[in-house]
Amino acid sequence: MTVPSDPLVAQHVLEFPGGYTRTTGPVIGRFLSELRGRRIVGARTAEGRVLVPPLEYDPATGEPVTGEYVEVGPAGTVTTWAWVHEPLDGHPVDRPFAWALIKLDGADTALVHAVCPEHPKAMEAGMRVWPVWRDQPSGHITDISYFVPEVTKIVSNVRSEYRLQAGGALRVFLEGVRRGVFLGGRCDQCDKVYVPYRAACPACGNAIPDTLELPDTGTITTFAINNLPDPRAPQVPFVSAYILLDGADVPMIALIGDVPAHEVRQGMRVKAVWVPESERTASMANIRWFAPTGEPDVELS
Amino acid sequence: MRALATREVAIVAFAQTRHTPHDTGLTEPELILPVINEVKRRTGLERFGFTCSGSCDYLAGAPFSFVSALDALGAWPPISESHVEMDGAWALYEAWVRLQHGDVDSALVYGFGKSSLGDLRTIMTLQLDPYYLAPLGLDQLSYAALQAAAVGADRKELDEIVRRSRADGRANPYALDLPDPEGEDLAVQPLKQTDVPPSTDGAAAIVLAAGDLARELSESPAFVRGIAHRIEPHYLGMRHLARSVSAADAARAAGVGKGPVEVAELHAQFPHEEIILREALELTGDTVINPSGGPLAANPVMATGLIRIGEAAQRILDGQARRTVAHAAGGPCLQHNLVTVLEA
Ligand SMILES: [Zn+2]
C-alpha cells in the first residue's frame, strides 16, 4: 500500500479477511456441486422451463422451482456480448475478452460468463461456445474458467519437397539471362513474339525453333501494390507488374524498384536492373527489378 | 384490483448541491447540511413528521455511514426517522407511504453519495448476487455494455443523447461542466468513454407535505398523482435486456399515460438506457427529456434518482409545467424502476 504524502489524505480499505461464509441452499448448492463434477444443470420450473443458472423461484410466476434438475450444455449459443479491451483485476482472465449471455443447450435462460476467442472479430451473436474448465473444480461459478468458440475448422498442414530442373526452352531462356539478355521466340504462323522463349506456340502449336533477342526495356501494362512481406521483395509495400518488353506480344511479370509504390502507373517505361556481371547466374535473380527510365509514358491500346 | 384512495401529497421544496466531479473533502454531514437548510428555509419548517434518507455504505466503505449523516438534521429530541440503502427516490416513496397513514403532514427526504472515494465501476459489483455474478468480477461498465449490445442502438442516436445531455448540463448550474463528446475511445465495447456517466459527489433534499399544508407552504405545489415501483429478476440472463418490463409496469401503475407529459426526468446513466426508458414509459416526441442534463451530466449516486424527482417537481413549483414525470432506477441494467407522476 502506498503511503499518501499529504497527511490530510488517507488510504482506506474495506475488507472481510477470508471472505464471507455463505450458505448456498439446496438449489444453488446443487448447481455448484454439479459444476465441481464438470456438469452444468438447470432447475425445472412448474411450467417446464429450465432456469440456468438455477434460481429458487420462477422469475415469471414467483413459484418455487421443482426438484427436477436437468443437465444442459456444455455448449451454448451467445445471444449478447460486450468486448473488454482492458480487463480489471477481478475479471476472469487477464487478456481482452468478451462478456456474454450464453444460452446453454437445453436451457431457457442465459448464463453470464466470459468468452475468450483468439480475436474479437470471432465474436458474434449466434456463435457457439464451449466451456473451458478450471483444473481442479471446487464448486464455484469460476470452475468454468471461460468459454471458447466451438471447433468449426481445423488446420491441416501440407508440405512435400521437390527437385526442379530447368531443361529445354526454359534452360535456353535462363542461359540468356546469365548473359544479360531476354530470349523470346516468334511463331511464324501467328506472327506473335513470346517471352520467355518456348519451343511451341501456345496458340497454334507450331514449333518455334529459333530464339530472338529482345531488349531489356519495356512498358508497364498493369501492376499491383503488395502490402504483405515477401522474401523476394526488397521492401513493403512492393510493386509487382506486367511488363511488355519492346518487341514482345505477351508481358512478363517482374518486380518494380527505384520508385515509390504510389508513383507506379500503367504505360510507364521501365528497364531491367541487372546484378553486376561477376554475380550473374542462370537465374531470374539476375534481374533485381525493373526501374523507370524517365521516358514519356506510352499510350496503351 | 381494488383502487385505493390515497391522501393528497405534494412536493413543496427541492434543493441540491452544486455537484462536483471530485472529492472536495467535505464529510457527508457537511455535504448534506446546506441542502437541508435550504429546504427548511424555503418551507419555514424546522421539524418534520417523518424523515427518510437514501445512501449506500459501500460508497464510503464504512458500515452504518448513513447514521453519522444524521448529524446534519438536528435529531434531538428524537425524530421519526428511517433510511433505505438505495437511491433517495425510494426514501421519497417510503415517506409518501408514511404520509398515507394520516397522522403526520410533512416529511423530509434526502439522498447523498460521494462516488469520488472509490472506484464506482467495481464497487457496483457488490450489488450483484454473491453466487453467480459477483465472483466473476462483472463490473458496472461491463453489464451496462451487455445491455447496450442487446439494445443495438444506432451510434448516432447514442452520441446525440450524450451531446444533448452534456449541453443541457452546462446550462444547469448544479450539473457538471462537460465538453461536447468527442473521439471514439471505447470503454467496454459497444460503449464509448463518453457514454459513461461522470463520477460525481452530491446530495439533494425534498420536502413532502400533505393536503392543506402543501398549499400553505407553496403557491404551486407539485402533487404526486401517481407513484409506483416494480422490479425484475436480478440475474441478467433471466431478463430481456433490451426492454424494461418493470419500468413499463411502474409507468402504467403510476398513470403516466393518463395525460400529456411535458417534461420527463429519466435516471438514464448510459445513453441506451434513455432509449429503453422512452419506450417503456411510452414517451412521445412532445416530451422534453432530461432538461437538467440528467445523469450523463451529473451522477451523484444515491441522489441521482431523487434529483430526477426534484427536477421534475421544480418545473411545476416554478410554474413552467403542469404535468411532469420522474423516473429512478436501481440495480444492474435498470433492474428496479420507480415512476412518479407530478401535477400542478
Ligand atoms: Zn502460333
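This is a short chat about a zinc site and a helix pair in a predicted model.

Me: Before we start, what should I know about the model and the numbering?
Reply: It's predicted, so local features need pLDDT of at least 70, side-chain atom pairs count only at pLDDT 80 or more, and totals for chains, interfaces and linings use all residues. Residues are numbered from 1 along each chain as its sequence is written, chains are lettered from A and ligands numbered from 1 in the order written, and side-chain values use heavy atoms, leaving out hydrogens and water.

Me: Cool. Which protein donors does the zinc ion have?
Reply: The SG atoms of A:C187, A:C190, A:C201 and A:C204, at 2.1 to 2.4 Å. Donors here are N, O and S atoms within 2.8 Å of the metal (3.2 Å for Na, K and Ca); water isn't among the atoms, so sites may look incomplete.

Me: How are those donor residues spaced in sequence?
Reply: The pattern is C-x2-C-x10-C-x2-C. A:C190 sits in the loop between β9 (182-187) and β10 (192-194) of chain A, and A:C201 in the loop between β10 and β11 (212-214) of chain A, so the pair ties together parts eleven residues apart in sequence. Strands are DSSP runs of E, at least two residues, and helices are runs of H or I, at least four, numbered from the N terminus.

Me: Is A:C201 buried or exposed?
Reply: A:C201 is buried, at 4% relative accessible area, while A:C190 is partly exposed at 28%. Buried means under 20%, exposed over 50%, partly exposed in between (1.4 Å probe, protein chains only).

Me: New topic: which residues of α7(B) meet α10(B)?
Reply: B:E157, B:L158, B:I161, B:V162 and B:R164 meet B:P271, B:H272, B:E274, B:I275 and B:R278, where contact means heavy atoms within 4.5 Å.
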